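Trainee: Could you take me through the enclosed empty space in this model, with a close look at one cavity in particular?

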Amino acid sequence: MTKVILNKNKVLKNEYFFVDNLTNLTKSNSENLIVTLSQWLDNKNTLSKKKNIGIKLNSDESLSLIKEEISFFKIIQFNFLTFKDGRPFSEAKKLRVELQYTGEVRASGYILPDQYIFLLRCGFNSVEIESEKKKFWLECLKMDTGLYYQP
Amino acid sequence: MAKKLKGDSFFLSANDLKTGSVVYYNGDDWSEKVDKAKKINRSEIEEYENIAKKFEDECIIISPLFVELNDDGTIKKLRDIIRKNGTTF
Amino acid sequence: MYQYSDKDKQIVKNRTREFLSQVKRRIDGNLTEEEFKPLRLMNGLYLQLHAYMLRVAIPYGELSHIQLNKLAEISEKYDKGYGHFTTRQNIQFNWPKLEDVPKILNELADVEMHAIQTSGNCIRNISCDHLAGINNEEVEDPRPWCEIIRKWSTFHPEFSYLPRKFKIAVIASEKDRAAMKVHDIGLKLIKKRNETGFEVYVGGGQGRSPFIAKKINNFVKKRDLLNYLEAILSIYNEMGRRDNIYKARIKILINELGEEKLKSLIESKFKKFADKNLLLEEDEIKKIKNYFKLPINNPIKSSIPVKKNKEYNIWLNQNVIKHKLAGYSIIMVSLKHYNQPPGDATAEQMKKLSIIAKQYSHGEIRVTHEQNLVLPHIKNSDLFSVWNKLSALKLATPNIGLITDTICCPGMDYCALATARSIPISQKISQHFKDQSIQDKIGNIKIKISGCINACGHHHVGNIGILGLDRNGEESYQISLGGSADEKTSIGKIVGPSFSEKELIKAIQTIIETFEKNKKNNEDFLSVFNRVGIDPFKKDLYDKSNP
Ligand code: SF4
């Protein structure tokens, strides 16, 4: 299924790669890399020298493991194992408020369009979704009135 | 949905997606009429599980379940009897 | 009473539109049931045994006569002509169609009501003392605080997918009429050196493993309340267990982590990261408080009509309490008529009660967590007229606080999770102890009945708690004794092996006899239990050598 990256109502070009195995890195995909938590923890030294590096955390992996290192990352991606797992909402907020992170925060995995506004409000700025679901995401975005009870 | 089932014969039941009403499978369709419900043998469970799944996917029913029957064809469990007859007070 | 601002109105209207779109996507197959379920639950819509069930929020249990009338209309138009008031001061309709729910929500929005967050793993309706603002004991009226918390918790972007549901209660005096200590967070308004603030209790709850909340802060300033709540919820969202639904409430977190550890995490988050935009400024608080000014201001001279009518006098004695303003009374409207499922009200009862409230109680009605209603501001001189009207509606059963005033969940007659029925049990108890002189002799006692371990019927905190179980396909009832949900909250102790449906009433009769045998002077059931302990009850129930 093809995926698209949405930022509010705009489709972004995906500039990042994943590789299952870091030894498979070639020249063309060695920059703009998003690594998993374990890839990062095992290869911190080499990876931290790369220019555009991102990290992908599953929703059951705690941000606190990389708290001291977030400045290395251009992008932090929270991958929802299920949309019912609300931890990344708090993690994103923590990134923005407590850790003053200004890079991109992306949501991916099993997420619902009905969560779009909440994601944006918690500090996410992009979502990776199935392209055929895009219209529902835009619909939900349109329903936002901007009227909230929280700051 | 067939987990922990005892007994030898069953009805296939569910709730209608749009109305929520209790419905029974009668062989090709779902209806509120329990007397039209199709009796299913233990050996056919898997087949009817798939049928239920199909109707779930088509957004006709939700929450399918097998209703256990006594040897005389009456419904066995209190919960299923309440589903059929309504409240008891 | 609170009244919606334009913003409130728009938010609720918008939610209705959003739900309509979700229903449409579900019916068209663009949302699976697995995806739709949490979304519909967050809007109070369950699938029960026979049908869908819609739970409508009654914020902190307060209703206007217009709202009550609308609930009656909805029950007639879209349901079977009745509704069920719950232990969380909400109302449930048992038979709506999925397709009708968006229409119901629209009608509710017209009278400033909704079903937002009445279920699901989010912050639920805030519970409150049903005598808030009209009793003499409180530090200040807790309702404005409920409203402030209601707003903050509604569509909270960070706390809508919590590990599990989250319940908050606010009280404002030593007396606890809201079961505050069995909530995830209990807040108690207190005064310290002329400043009002909150004692904060965390980790209470019922269900499979009942816990009494622990005090984690002796004084949170008013202005800091929302920041403090954010700190608690944020820690809970991050650390609460998600691997086991029975271990997901904050009560488990506080027990696994330890009180001190959780407290220090909360405190450090609160101290370091409080959001200044969440600070509550005096003028803001005042603005909310203004909505809750009582419709009556001054004591008046008005006396209670003296009549020879015996029933009226029994009712006055049992169901009427003093208002904080002289000349007024508070009427407890019993929804425990002997033939009615506890907490149920018919459309006719709701409609006529709405008219009574308009005429005699400044249009206000409240819902108690014990599943009764309240007419909060009745002029003393009107009491006889109101009694007559309530009597005609079967809403004047003089049993408030007595043995037939049972709390009872819907049980297997409606609920998809139930292991046994509860309504018929409550009706049998009512029938058995119906005689007024017997009820009076037994005195204050709380029987609470749940149809499964989820404990919606609060059985853990019943003086006599009854839990319906399934033993090899037979209904079976476990009894616990000595529970209490008031300021001396305690969890009941299981008395022994459970009873069949047939044996149950006899067992309760035995328990009452043991109580009466041991009773000194005017002691109530709980005092006797606390003095003599569980053994005499056990002995009388199970010791077969006992004649
Ligand atoms: S206690 Fe159990 S049976 Fe009763 S309403 Fe709650 S979930 Fe249903």
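Mentor: Sure, here is a walk through the cavities, with most of the time spent on the largest one.

Some ground rules: this is a predicted model, where local features need pLDDT of at least 70 and side-chain atom pairs count only at pLDDT 80 or more, while totals for chains, interfaces and linings use all residues. Residues are numbered from 1 along each chain as its sequence is written, chains are lettered from A and ligands numbered from 1 in the order in which they are written, and side-chain values use heavy atoms, with hydrogens and water left out.

Rolling a probe the size of a water molecule over the atoms shows where empty space is left. Here a cavity is a set of points, on a 1 Å grid over the protein atoms alone, where a 1.4 Å probe fits but cannot get out, and a lining residue has an atom within 4 Å of a point. Grid points are joined across faces, edges and corners, and a volume is the space filled by probe spheres set on the points.

On that basis there are 6 cavities of 30 Å³ or more. The largest one has a volume of about 450 Å³. It is lined by 25 residues, and the closest to its centre are A:Phe118, C:Asn14, C:Arg15, C:Glu18 and C:Phe155.

Two helices (DSSP runs of H or I, at least four residues, numbered from the N terminus) each supply at least two residues of that lining: helix 3 (116-121) of chain A and helix 1 (6-28) of chain C. Helix 1 of chain C gives the most, with 5 residues. As for domains, whose bounds come from an automatic or database domain assignment, domain 1 (6-110) and domain 2 (135-290) of chain C both give residues to the lining, so the largest cavity lies between them.

Chemically, the lining of the largest cavity divides into 13 nonpolar, 7 polar and 5 charged residues. In this scheme Ala, Val, Leu, Ile, Met, Phe, Trp, Tyr, Cys and Pro are nonpolar, Asp, Glu, Lys and Arg are charged, and the others, Gly among them, are polar.

Now for the runner-up: the second largest cavity has a volume of about 90 Å³. Its lining includes C:Ala57, C:Pro59, C:His114, C:Arg124, C:Arg150 and C:Thr154. By class, that lining has 5 nonpolar, 5 polar and 2 charged residues.

Technical notes. 1 Å grid on protein atoms, 1.4 Å probe; cavity = no way out; pocket = protein on both sides within 12 Å on 5 of 7 lines; lining within 4 Å.
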